[in-house]
Amino acid sequence: MILHLSRRFLEFILTLFGITLLSFFIIHLAPGKPTDILTELNPKITPEARERLEKYYGLDKPIIIQYLLWAKRIIKLDFGESFSTDHRPVWEKIRERIPVTVSINLVSMLLVFLLAIPIGVASATRQNSFFDKATTVGVFLGFSMPAFWLALLMIMLFGVYLHWLPISGIKSLNYSALSFPGKVIDISKHLFMIVFVTTIGGLAALSRYMRSSMLEVIRQDYITTARAKGLPERMVIYRHALRNALLPIITILGLSVPGLLGGSVILEKIFGIPGMGQLFFMSVMTRDYPVIMGLLTIGAILTLAGNMLADLCYAIADPRLRRQ
Amino acid sequence: MEGNSTSIVSTWQIFIKNRLALSGSILVIILFSLAILAPVIAPYDYDYIDRHHILEPPGREHLLGTDDLGRDVLSRMLYGARVSLAVGFVAVGIATIIGIVIGAIAGYYGGFLDRLNMRLVDIMLSIPGFFLILTVIAFIGPGIWNIMIIIGLTSWMGVARLVRAEFLSLKTREYVLAAKAIGASDFRIIFRHMLPNSLAPVIVSAVLGIASAVLLESGLSFLGLGVQPPYPSWGNILTQGQANIEIAWWLSVFPGLAILITVLAYNLLGEGLRDALDPRLREGR
């Protein structure tokens, strides 16, 4: 077990090294430089000043040295400071974006799991019924729906025609004057549409997955046995089948944890939400290398951790693996 | 040979019986015809500006209305169909070729090459995909060719895994061993003998891949990183749609509907092909 864990950890470090190296090279070898944005706007800039700027940002050194310097800092969990004019530490810029994105994702993930599991079970146990066919159509639509288009339709309906919901931002102008329940309602109203749109996509995928997992389990011999010994159908489905059908769902749960931190660039832009996606978009547009690298690295660490978490959950939940 | 032709026939029959798949393929054919015939059937040129009809709702002169410069939305959407279909095909073509090569090498040779290639797959899968695409596009500049190439370069991992798995199981088949015994080159064994026998799942994943490439392109164009105006794409018409959301619903509704239908068509086709090509799944669905 310890051998297995240490091997996994070594793989984790190696993969992480590969990811950061690859991202670093892609970002730094792309044509153009962050200093272009500062200098192109200023016609009076001299080549010397440009060189000075590049030296200041460490962009004059060979790329491999730049990477090693970056990696040396990252080991100490220092993400460096932003290239943008505020020069704030990268970690600070990222940290302040986390709460809003994570809340949106957490709520929608909760909704996805709460809704998808019963939907999947219901359509599997009533295969080819009207309900099953209707959800299949719904799933296909959900898969194929461009999320940002759904977002525009929601804005049109709830914002423009009905005037029920604000179409942008996370707080009203009079937010600070509101009472506590008023504040909660205000934020919920602002986040309702983005949560809804985020939920739809995940719902389609997970309910489909739940359905096929359930269908597979229902055909197993032990389900036939359970029925044969005269258990009521409810017991068969919810005690025997569901538990086993949920195993692969646990893997998905583990895998989607890193996604909690990743904000949708497009949706956050449409709804004017100051989250992780918007930060990423801004840093990409202004070539803020340290912020981009910071976000990609955090994303990669979480993805890898999610993979390990999924394995671990699976091992805990599946008695066959627990014994090994 | 005979066995082969009957399996094609039965695949075809199952495919025809599958109504979802059939409607998917009919939709794809219609979309392709519209895209190819765009210059013939579009009522206006995509950049023809009608200064007297700016932001006009759908009507007799402009069936789907006009945009904020007075251009005909229907005509722009027809030309935009060309973008979506081209991006889907080229991007997936690139991804499939890379995936086949990497997966085949890993599965056929095994050992160090296998570990190396699969580690590369893991690395690529651990980088948030959309973030990576966005970064590269923002740096090398927007444009339809850049988008095709970048989507292709970042979406080959699934194919690589599929091909590797198929090759691992085919590697010990008698016909492969026989080909080796008579001294066929590795290249010949991989491409003449093994690849044709592992194509079924690759085709399915390619068709489903087109669906996600079309979605990606529309998203990037919506952000202004894809097809550049004045050339239309469904994504960049939607950008105008958001800008005029309070006054011009038709700019948001129609292009999005076109994306939805296209992606849906490919998804239906892909799922249908999966059912028809993979006998193991036939009973399950």
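In the predicted model, helix α1 (residues 2-29) of chain A packs against helix α4 (residues 63-75) of chain A at an angle of about 130 degrees, and the two axes lie 11 Å apart. Because angles that are neither under 35 degrees, over 145 degrees nor within 65 to 115 degrees count as oblique, α1(A) and α4(A) are assigned to the oblique class. The crossing of α1(A) and α4(A) is right-handed. On the side of α1(A), the contact involves A:Phe17, A:Thr20, A:Leu21, A:Phe24, A:Phe25, A:His28 and A:Leu29. These residues meet A:Ile63, A:Ile64, A:Gln66, A:Tyr67 and A:Trp70 of α4(A). Classified by residue type, the contact of α1(A) with α4(A) comprises nine nonpolar and three polar residues, with no charged residues.

Helix α1(A) also takes part in a contact with chain B. The axes of α1(A) and helix α5 (residues 111-126) of chain B come within 9 Å and cross at roughly 65 degrees. Helix α1(A) is therefore roughly perpendicular to α5(B). As α1(A) passes α5(B), the crossing is right-handed. The residues contributed by α1(A) are A:Glu11, A:Thr15, A:Gly18, A:Ile19 and A:Leu22, and those contributed by α5(B) are B:Arg119, B:Asp122, B:Ile123, B:Met124 and B:Ser126. By class, four nonpolar, three polar and three charged residues form the contact of α1(A) with α5(B).

Within chain B, a further helix pair was examined. Helix α4 (residues 73-109) of chain B and helix α8 (residues 157-170) of chain B pack with their axes 7 Å apart and at an angle of about 35 degrees. The crossing of α4(B) and α8(B) is right-handed. From α4(B), the contact draws on B:Thr96, B:Gly99, B:Ile100, B:Ile102, B:Gly103, B:Ala104, B:Ala106, B:Gly107 and B:Tyr108. From α8(B), B:Val159, B:Ala160, B:Val163, B:Arg164, B:Phe167 and B:Leu168 take part. The contact of α4(B) with α8(B) contains ten nonpolar, four polar and one charged residues.

The overall organisation of each chain was then considered. The secondary structure of chain A consists of 16 helices and zero strands. Taken along the principal axes, the C-alpha atoms of chain A fill a box of roughly 85 × 60 × 35 Å. Chain A has 324 residues, of which 43% count as buried. Among its contacts between residues at least 6 apart in sequence, 71% join residues at least 24 apart. The exposed area of chain A is about 17,500 Å², and 68% of this area is supplied by carbon and sulfur atoms.

Chain B contains 14 helices and zero strands. Read from the N terminus on, the elements of chain B form the succession α-α-α-α-α-α-α-α-α-α-α-α-α-α. The C-alpha trace of chain B spans about 75 × 45 × 30 Å along its principal axes. Of the 285 residues in chain B, 50% are buried. Contacts between residues 24 or more positions apart account for 70% of the chain B contacts with a separation of 6 or more. Chain B exposes about 13,000 Å², with 66% of the area coming from carbon and sulfur atoms.

Several backbone features were located in loops. In chain A, A:Asn128 has a positive phi of about 70 degrees although it is not a glycine. A:Asn128 is placed in the loop between α6 (98-125) and α7 (130-144) of chain A. A positive phi, near 55 degrees, is also assigned to A:Arg287, a residue other than glycine. A:Arg287 belongs to the loop between α14 (276-285) and α15 (289-317) of chain A. Because residues under 20% relative accessible area count as buried, A:Arg287, with a relative accessible area of 9%, is buried. In chain B, the peptide bond joining B:Pro229 and B:Pro230 is cis, with an omega of about 5 degrees. B:Pro230 lies in the loop between α11 (199-222) and α12 (234-243) of chain B.

Technical notes: Residues are numbered from 1 along each chain as its sequence is written. Chains are lettered from A and ligands numbered from 1 in the order in which they are written. This is a predicted model: local features need pLDDT of at least 70, side-chain atom pairs count only at pLDDT 80 or more; totals for chains, interfaces and linings use all residues. Side-chain values use heavy atoms; hydrogens and water are left out. Axes are lines fitted to C-alpha atoms, for helices over the stretch in contact, and angles run from 0 to 180 degrees between N-to-C directions. Helices (H or I, at least four residues) and strands (E, at least two) are DSSP runs, numbered from the N terminus. A crossing is left-handed if the near helix is turned anticlockwise from the far one by less than a right angle, and right-handed if clockwise. Contact means heavy atoms within 4.5 Å. Ala, Val, Leu, Ile, Met, Phe, Trp, Tyr, Cys and Pro count as nonpolar, Asp, Glu, Lys and Arg as charged, and the others, Gly among them, as polar. Buried means under 20% relative accessible area, exposed over 50%, partly exposed in between (1.4 Å probe, protein chains only). Accessible areas come from the Shrake-Rupley method with a 1.4 Å probe; for residues, only the protein chains shown count as cover.
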